[in-house]
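Biologist: I would like a close look at a single part of this protein. Please pick one strand and walk me through its surroundings.

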Amino acid sequence: MSVNSEVRGRIVKTYKAGLPILWTYVSEMPGTSSRQAIPWLVVVRWEYDGSENNGMPQTEESQGMLMLEAALGKIERPAFCVEAYRRIGAGIREFVYYVVDTDKFLEEFIDYVAGDPLYPIEIKFYKDEAWSDLQDLIDDFKLVRHSRSRLDYEGRVWGGSDLSSGRLSKSCPRLSVLFSPFSLFSPDMAGVPQRVIREIITRSPKKCYY
């Protein structure tokens with residue numbers, strides 16, 4: 001997170017099927033003009049097998065995640081790339097940012113990881129001029145902070161049966177790019193509901209190796 005984000009950041013623990021998930025997020029929304037100037041939501045997602053470590057990554061995977069985090073940190077800067085939140089646990093590590101330009105983000109990312117091992121990640125972009133994903137997360141965690149029990153919180157976990165509520169389903173139904181170290185897909189999904197997109201993503205044969 002940026003220095004400004006660190007000051008306003010909060011850490012929340014939730015649970016999914018008894019497994020802890022740690023979230024670090026910016027707890028205050030920026031002004032309207034700042035949001036509109038940085039309209040693209042970027043989700044960097046790393047799935048891993050946490051079955052032997054209470055849902056958390058093993059040491060070797062953790063080291064790789066730290067390397068990935070360092071590369072992403074080089075891209076982050078005011079007025080171009082701002083971290084919104086991150087999460088780890090239950091087999092998923094995510095870093096979530098808002099950026100000005102998706103092509104520029106990918107260009108810089110590829111440059112910074114050029115000498116690293118291949119990362120088993122996906123990078124997805126959504127148009128979110130209102131920053132509704134961060135606002136929804138802030139609102140959701142108001143409930144978490146006021147809960148006296150261990151909350152089995154599944155509303156923000158991706159993949160398979162975890163689609164209990166779709167990211168950006170209210171106002172951002174378009175998936176623009178799906179990226180991994182092995183493939184680059186650009187489906188035209190305008191108007192398709194978000195949770196449907198995750199089930200029927202059309203993959204093109206174009207492949208990129210790094």
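Modeller: What follows is a tour of one strand, its partners and its neighbours. Keep in mind that this is a predicted model.

Start with the whole chain. It has 6 helices and 8 strands. In sequence order they follow the pattern α-β-β-α-β-α-β-β-α-β-α-β-β-α. The chain has 210 residues, and 49% of them are buried. Take the contacts between residues at least 6 apart in sequence: 69% of these join residues at least 24 apart.

Now to the strand itself, S5. It spans residues 92–99, and 8 of its 8 residues are buried. In a regular strand, side chains alternate between the two faces of the sheet. So which residues of S5 lie on each side? One side carries Ile 92, Glu 94, Val 96 and Tyr 98. The other carries Arg 93, Phe 95, Tyr 97 and Val 99. Both faces are covered. Note that the buried residues include Glu 94 and Arg 93.

Next, the partners. Strand S3, residues 40–47, runs antiparallel to S5, and 8 bridges join the two. One pairing to find on screen is Arg 45 with its bridge partner in S5, Glu 94. Strand S4, residues 81–89, is also antiparallel to S5 and is joined to it by 8 bridges. Here, look for Tyr 85, whose bridge partner in S5 is Val 96. S4 and S5 form a hairpin with 2 residues between the strands. In this hairpin, Ala 90 takes a positive phi near 55°.

After the strand comes helix H4, residues 102–112. At its start, a side-chain oxygen of Asp 101 reaches to within 3.0 Å of the backbone nitrogen of Asp 103. Which residues of H4 are buried? They are Thr 102, Phe 105, Leu 106, Glu 108 and Phe 109. These residues lie on the same side of H4, because they cover an arc of only 165° around the axis. The helix geometry helps here: an α-helix has 3.6 residues a turn, so residues three or four places apart point the same way. The face turned away from the buried side carries two exposed residues, Asp 103 and Asp 111.

Strand and helix both feed the largest nonpolar core, which has 25 residues. Within this core, Leu 68, Leu 72, Phe 105 and Ile 123 touch the most other members. S3, helix H3 (59–75), S4, S5, H4 and strand S6 (121–127) each give two or more residues to this core. H3 gives the most, with 5 residues.

Leu 72 is a good residue to click on. Leave aside its neighbours within four places in sequence. Leu 72 is then in contact with Val 44, Phe 95, Tyr 97, Phe 105 and Phe 109. Two of these names, Phe 95 and Tyr 97, appeared above on one side of S5. Phe 105 and Phe 109 appeared among the buried residues of H4. Apart from this core lies another, of 17 residues. Val 12, Leu 41, Ala 84 and Tyr 85 are among its members. Tyr 85 is the residue whose bridge partner is Val 96.

To sum up the strand: S5 is joined by bridges to S3 and to S4, is buried on both faces, and gives residues to the largest nonpolar core.

Conventions: Residues are numbered from 1 along each chain as its sequence is written. This is a predicted model: local features need pLDDT of at least 70, side-chain atom pairs count only at pLDDT 80 or more; totals for chains, interfaces and linings use all residues. Side-chain values use heavy atoms; hydrogens and water are left out. Buried means under 20% relative accessible area, exposed over 50%, partly exposed in between (1.4 Å probe, protein chains only). Helices (H or I, at least four residues) and strands (E, at least two) are DSSP runs, numbered from the N terminus. Two strands pair if DSSP finds at least two bridges between them. Contact means heavy atoms within 4.5 Å. The arc is that of the directions from the helix axis to the C-beta atoms. A polar contact is a pair of N or O atoms within 3.5 Å; within protein, one must be able to donate a hydrogen and the other to accept it, and residues adjacent in sequence count only if both atoms are side-chain atoms. A nonpolar core is a set of buried Ala, Val, Leu, Ile, Met, Phe, Trp, Tyr and Cys residues joined through side-chain atoms within 4.5 Å.
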